[in-house]
Amino acid sequence: MVIKVFLASLSGSTAIKKKQQDVLGFLDALKIEYAEMDIASNEENRMWMRENVPGEKKPKNGIPLPPQIFNEENYCGDYDTFFDAKEGNQVFEFLGLPPPPGSKKLEEKASEIGEEALISSVEAVKEESEEPGLNVLTEEPSDETKKVPREEEEEEEIKEEEYEGEGDEEAKEEDEGADAEDEEDE
């Protein structure tokens, strides 16, 4: 992608010269590669610029003044829209370029893409999971899952381990009866 800045090297207007210098200086500062397309010394450049600036962006007299900025064949804007993008810290978007590595915009975009990917993957897992278990979004047991509090499960496992191998069936039955009474009281 080549950024083309149409300018007039021989302009009598100090305002136009200042605007051109501002655009070129800012592109240099951001290390954005561009091509200067002089409309004062090259008739083809002047005609191409005039033909490719969209009608709604042309002034009332129909002749756009430099600087005019393009990304290849795509019109980006004039000095005023460039200035607005510069003030809004949106020059890369204005030029149709990806943000540079390490930029805040790139980090925001990566974060946004990461969040979207996370959400869509969680939704996909939720839709695909038909087996009883935990709901991945709320970490709550699904309706099909037996709802036994974790502490009670652990107590039952411990009691079973205590009784295994001891052969004391009566003690085991007494504890189970006491547990049943506790549950009825609740």
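## Close-up views of the predicted model

**View 1. Helix α3 has an exposed side and a buried side.** D84 and E87 are exposed, on the side of α3 away from the buried residues. The structure shown here, as in every view that follows, is a predicted model. The buried residues of α3 are Y79, F82, A85 and K86. Looking down the axis of α3, these buried residues fall within an arc of 125°, so they line one face of the helix. They pack against four elements, namely α1, β3 (68-71), β4 (74-78) and α4.

**View 2. The two ends of α3 each have a detail worth a look.** At the start of the helix, a side-chain oxygen of D78 comes to within 3.2 Å of the backbone nitrogen of D80. Just beyond α3, N89 adopts a positive phi of about 55°.

**View 3. The largest nonpolar core is made up of 17 residues.** Within this core, I32, I69 and L95 touch the most other members. Two or more residues come from each of β1 (3-7), α1 (14-29), α3 (79-87) and α4 (91-95). The biggest share is that of α4, which gives 4 residues. A second core, separate from this one, has 8 residues, including F6, M37, I39 and V53.

**View 4. I69 is shown here with its contacts from beyond four places in sequence.** On the lower-numbered side, the partners of I69 include I3, K4 and V23. Y75, C76, G77 and D78 are also in contact with I69. F82, F94 and L95 complete the list of partners. Two of the residues in this view return elsewhere: F82 is among the buried residues of α3, and L95 is one of the three residues that touch the most other members of the largest core.

**View 5. Q68 is a buried residue in strand β3.** With a relative accessibility of 4%, Q68 counts as buried. The side chain of Q68 makes a polar contact of 2.7 Å with the side chain of Y75. Apart from neighbours within four places in sequence, the residues in contact with Q68 are K4, V5, F6, M49, V53, Y75, G77 and D78. For a sense of scale, the C-alpha atoms of Q68 and D80 are 9.8 Å apart, while the two residues are 12 positions apart in sequence.

**View 6. F6, W48, F70 and Y75 come together in one aromatic cluster.** The structure as a whole holds 7 aromatic pairs. In the pair formed by F70 and Y75, the ring centres are 5.2 Å apart and the planes meet at 65°, so the pair is edge-to-face. Both F70 and Y75 are buried. Look also for K4, which lies over the face of W48 at 5.1 Å from the ring centre. Y75 links this view to the previous one, as its side chain makes the polar contact with Q68.

**View 7. P66 and P67 are joined by a cis peptide bond.** Omega for this bond is near 0°. P67 belongs to the loop that runs between α2 (43-52) and β3.

**View 8. K31 and E72 have positive phi values although neither is a glycine.** K31 has a phi of about 60° and sits in the loop between α1 and β2 (34-38). Its relative accessibility is 76%, so K31 counts as exposed. For E72, phi is about 55°, and this residue is found in the loop between β3 and β4. E72 is partly exposed, with a relative accessible area of 31%.

**View 9. Stepping back, the protein chain has 7 helices and 4 strands.** From the N terminus, the elements follow the order β-α-β-α-β-β-α-α-α-α-α. The protein chain has 186 residues, and 22% of them are buried. Among contacts with a separation of 6 or more, 52% are between residues 24 or more positions apart.

Conventions
Residues numbered from 1 in each chain as written. Predicted model: local features only at pLDDT ≥ 70, side-chain atom pairs only at ≥ 80, totals over all residues. Heavy atoms only, no water. Core = buried A, V, L, I, M, F, W, Y, C linked by side-chain atoms within 4.5 Å. Buried < 20%, exposed > 50% of the residue type's maximum accessible area, 1.4 Å probe, protein only. Contact = heavy atoms within 4.5 Å. Arc of directions from axis to C-beta. Polar contact = N/O pair within 3.5 Å; in protein donor to acceptor, adjacent residues only side chain to side chain. Phe/Tyr/Trp six-rings, centres within 6.5 Å; stacked < 30°, edge-to-face > 60°. Lys NZ or Arg CZ within 6 Å of the ring centre and 35° of its normal.
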